[in-house]
Amino acid sequence: MTTSDKAQVVQTQLALQLKGDKEIPQPNPEYALWNKKDQYIVSILLSSLSDEAFPLIELHELNQKDLPVTTFLQRAKTISDSLPAAGRPISADDLNIYVYKGLRSEFKDIITTLSSRPEAVSFEELHSLLLSHEFIHEKTRNFSTIPEAHMSTKFRPPIESQPQYFGTGICGAP
């Protein structure tokens, strides 16, 4: 159990004591054992993989998170360029699918459009389109976070010395 897990348990126990609950839940002691076994199995699986298989795993786990489009696509391209050495070259269509899957949700509308094309989008075109989309989205996001300036004008009745032209004929003639 990590320090943050222990802190969370202590906070929960204190909150329940303050609330007046008599039964305080205890952490599951089997969880720590299960977690150790799980980490052991993961380490065995990873150590049994060949160096050539790692890029394929990285491609499956490709995720943009808060990266800019260019950085995210460079990472995807680096991984895809290492796949032929593993004997697993990847087509542009397949690379695009992994990229689409890893993009943030704000790209959902452009992904729908791009994936409906009959031919695969080239990497260069994909980069250009996603950059444009990111730029537009960023401008929209920044614009929507700027507090709106509401102009209010006071109603000022016309000054008596100014001529009134409402309801008159041409050039103010009655």
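**Exercise 1.** In which helix is L45 found?

*Solution.* The model is predicted, local features need pLDDT of at least 70, side-chain atom pairs count only at pLDDT 80 or more, and totals for chains, interfaces and linings use all residues. Residues are numbered from 1 along each chain as its sequence is written, and side-chain values use heavy atoms, leaving out hydrogens and water. L45 is found in helix α2, residues 29–48, where helices are DSSP runs (H or I) of at least four residues, numbered from the N terminus.

**Exercise 2.** Classify the aromatic pair of the structure.

*Solution.* Rings of Phe, Tyr and Trp (its six-membered ring) pair if their centres lie within 6.5 Å, and planes under 30 degrees apart count as stacked, over 60 as edge-to-face and the rest as tilted. A search of the whole structure finds 1 aromatic pair. The ring centres of Y31 and W34 are 5.8 Å apart with the planes at 35°, so this pair is tilted. Both residues lie in helix α2, 3 residues apart, about one turn of the helix.

**Exercise 3.** Trace the salt-bridge network around R104, and state whether its acidic members are buried or exposed.

*Solution.* A salt bridge is a side-chain nitrogen of Lys or Arg within 4 Å of a carboxyl oxygen of Asp or Glu. R104 forms one with E106, the closest N and O atoms being 3.3 Å apart, and R104 also meets E134 at 4.0 Å, N to O. The latter pair links distant parts of the chain, with E134 in helix α7 and R104 in the loop between α5 and α6, 30 residues apart. Buried means under 20% relative accessible area, exposed over 50%, and partly exposed in between (1.4 Å probe, protein chains only). E106 is therefore buried at 19%, and E134 is buried at 14%.

Notes
Helices (H or I, at least four residues) and strands (E, at least two) are DSSP runs, numbered from the N terminus.
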